[in-house]
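Colleague: I am new to this one. Could you take me through it, and give me your reasons as we go?

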Amino acid sequence: MQTAEPRSDTMRRVVRQSKFRHVFGQAVKNDQCYDDIRVSRVTWDSSFCAVNPRFVAIIIEASGGGAFLVLPLHKTGRIDKSYPTVCGHTGPVLDIDWCPHSDQVIASGSEDCTVMVWQIPENGLTLSLTEPVVILEGHSKRVGIVAWHPTARNVLLSAGCDNAIIIWNVGTGEALINLDDMHSDMIYNVSWNRNGSLICTASKDKKVRVIDPRKQEIVAEKEKAHEGARPMRAIFLADGNVFTTGFSRMSERQLALWNPKNMQEPIALHEMDTSNGVLLPFYDPDTSIIYLCGKGDSSIRYFEITDESPYVHYLNTFSSKEPQRGMGYMPKRGLDVNKCEIARFFKLHERKCEPIIMTVPRKSDLFQDDLYPDTAGPEAALEAEEWFEGKNADPVLISLKHGYIPGKNRDLKVVKKNILDSKPTANKKCDLINVPKKTPDPASVQNEAKLDEILKEIKSIKDTICNQDERISKLEQQMAKIAA
């Protein structure tokens, strides 16, 4: 059991063998930033930014409602004031989250008490988007948290200031689970575990709860996980443990590690500093590294989680001059494996978004498979109905050996009118909503068949090359023996 230690220096005392000891961060050049963006000033502790391998989305200041920008990753430089936005909400947007199974689908939660799900055109917006694919109505107060299920298609969680958590089947527009009596105070954040069978929450009542949403029961909880009054965060790690950030009674920022099977005492508890910015944790399950970005800080601290004491090992700090208003975190499949990039952040300043690249220095140009184990891909492991019926599945993994090339995403189809939505639907929306879920398009079937053919051919050529390589090396060995 690791008890509280006075300062973060104690985390640096022992030099430990780790391939991540020399990870370093670097901000990109000015011309690769996204400039002249009026980042939202709303007082809410979400990250205000969401990123995937195609787009970066940023919540912005908007008069007369709520809006966010969606920019293709390559659209760097100055962003024109007239650039189209996603602007269907009537109140400020508080949180956005890209769907892990489609790089063109994004959900937004707003002060107008609704959640909206949007389909972004393949090459980005040319006109402002005001019509969501579906509006999810069920919260009675503002919706501050949206989080997609990690492995089941079209399952979305939202949490509001009504202290309720609703889990939606986006494909039908229905609220299928409503957890409205588990939290007596404001919910600060919600995190799914790796296979999406449990969620953990941090709340203003200073409790961290682990909840089974389908059984609608609290599996574990810890009162006063952090004793300070300021907001906490709790996230699941890949091994099922829970990592939390919060404040001590003396307003020092803390981080802690918990085992949900026994939440009496933390596995580890560390005090960091006395800054008052809320620490937003970003976690990479493939490398077990946690990056802590404090709102209003100008640094990103990163730690490696291992199963040997002190369990949370300080690695390093990336520092810059400007404080961060928010932060986006790129999924692993969006990184440049040729440059040994293990994380990419999108740091929001007052007027711009600046990518920061985290790299492990390596001399070799070969693919570093120790840095890039197979990672969660964009394919859903389950359909929404299967998950609601009780099935679980781990993420479908993909290799990053040849770099991830995004394929064509399926459009999000809502199979029946949103039953929670009593407003008359405009005709153009009906066209999208009433398309049945799986109508195979002959052209796309043909394309898929062609693609399969090409992939088979590539595989057979690769196999031939491998065989020839083996044969060459055998012949070389024979020659070496003869020459000797």
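Colleague: Which residues point one way from β25, and which the other way?

Modeller: This is a predicted model. In it, I289, Y291 and C293 point one way from β25. I290, L292 and G294 point the other way. All are buried.

Colleague: What makes you say that β25 is largely enclosed by the rest of the structure?

Modeller: The strand covers residues 289-294, and 6 of its 6 residues are buried, so β25 counts as largely enclosed.

Colleague: How do you know that β24 and β25 pair, and which way do they run?

Modeller: Pairing needs at least two bridges. Strand β24 (residues 279-284) has 6 bridges to β25, and the two run antiparallel. L279 stands opposite G294 in β25. The hairpin of β24 and β25 has 4 residues between the strands. There, S288 takes a positive phi near 55°.

Colleague: What joins β25 to β26?

Modeller: Here there are 5 bridges, again set against a minimum of two. So by that definition β25 and β26 pair. Strand β26 spans residues 299-305 and runs antiparallel to β25. One of the bridge partners is I300 in β26, which matches C293. This hairpin also has 4 residues between the strands, and G296 takes a positive phi near 85°.

Colleague: Why is A384 called buried?

Modeller: The cut-off for buried is under 20% relative accessible area. A384 has 1%, so A384 is buried. The residue is found in helix α1, residues 384-388.

Colleague: What does A384 contact, leaving aside neighbours within four places in sequence?

Modeller: R153, N154, V155 and N169. V170 lies 214 residues away along the chain, yet the C-alpha atoms of A384 and V170 are separated by 8.5 Å.

Colleague: Why is L176 called partly exposed?

Modeller: Buried stops under 20% and exposed starts over 50%. L176 has 39%, which falls in between, so L176 is partly exposed. L176 sits in strand β15, residues 174-179. Beyond residues up to four places away in sequence, L176 touches I167, W168, N169 and F388. The C-alpha atoms of L176 and I166 are separated by 7.6 Å, with their positions 10 residues apart along the chain.

Colleague: Which residues have the most contacts inside the largest nonpolar core?

Modeller: That core has 41 residues. Those with the most contacts inside it are I37, V56, I58, F68, V70, I120 and F346. The elements giving two or more residues to this core are β3, β4, β5, β8, β10 and β29. The largest share, 6 residues, comes from β4.

Colleague: What does F346 touch, not counting residues up to four places away in sequence?

Modeller: The list includes Y34, C49, V51, V56 and L73. G326, M327, G328 and M330 are also among them, as are C353, E354 and P355. Apart from the largest core lies another core, of 26 residues, among them I342, I356, M358 and Y404.

Colleague: How many helices and strands does the protein chain have?

Modeller: The chain has 3 helices and 32 strands. Buried residues make up 54% of its 484 residues. Of contacts between residues at least 6 apart in sequence, 55% join residues at least 24 apart.

Colleague: What is the accessible surface of the protein chain?

Modeller: About 23,000 Å², and 50% of this belongs to carbon and sulfur atoms.

Key. Residues are numbered from 1 along each chain as its sequence is written. This is a predicted model: local features need pLDDT of at least 70, side-chain atom pairs count only at pLDDT 80 or more; totals for chains, interfaces and linings use all residues. Side-chain values use heavy atoms; hydrogens and water are left out. A nonpolar core is a set of buried Ala, Val, Leu, Ile, Met, Phe, Trp, Tyr and Cys residues joined through side-chain atoms within 4.5 Å. Buried means under 20% relative accessible area, exposed over 50%, partly exposed in between (1.4 Å probe, protein chains only). Contact means heavy atoms within 4.5 Å. Accessible areas come from the Shrake-Rupley method with a 1.4 Å probe; for residues, only the protein chains shown count as cover.
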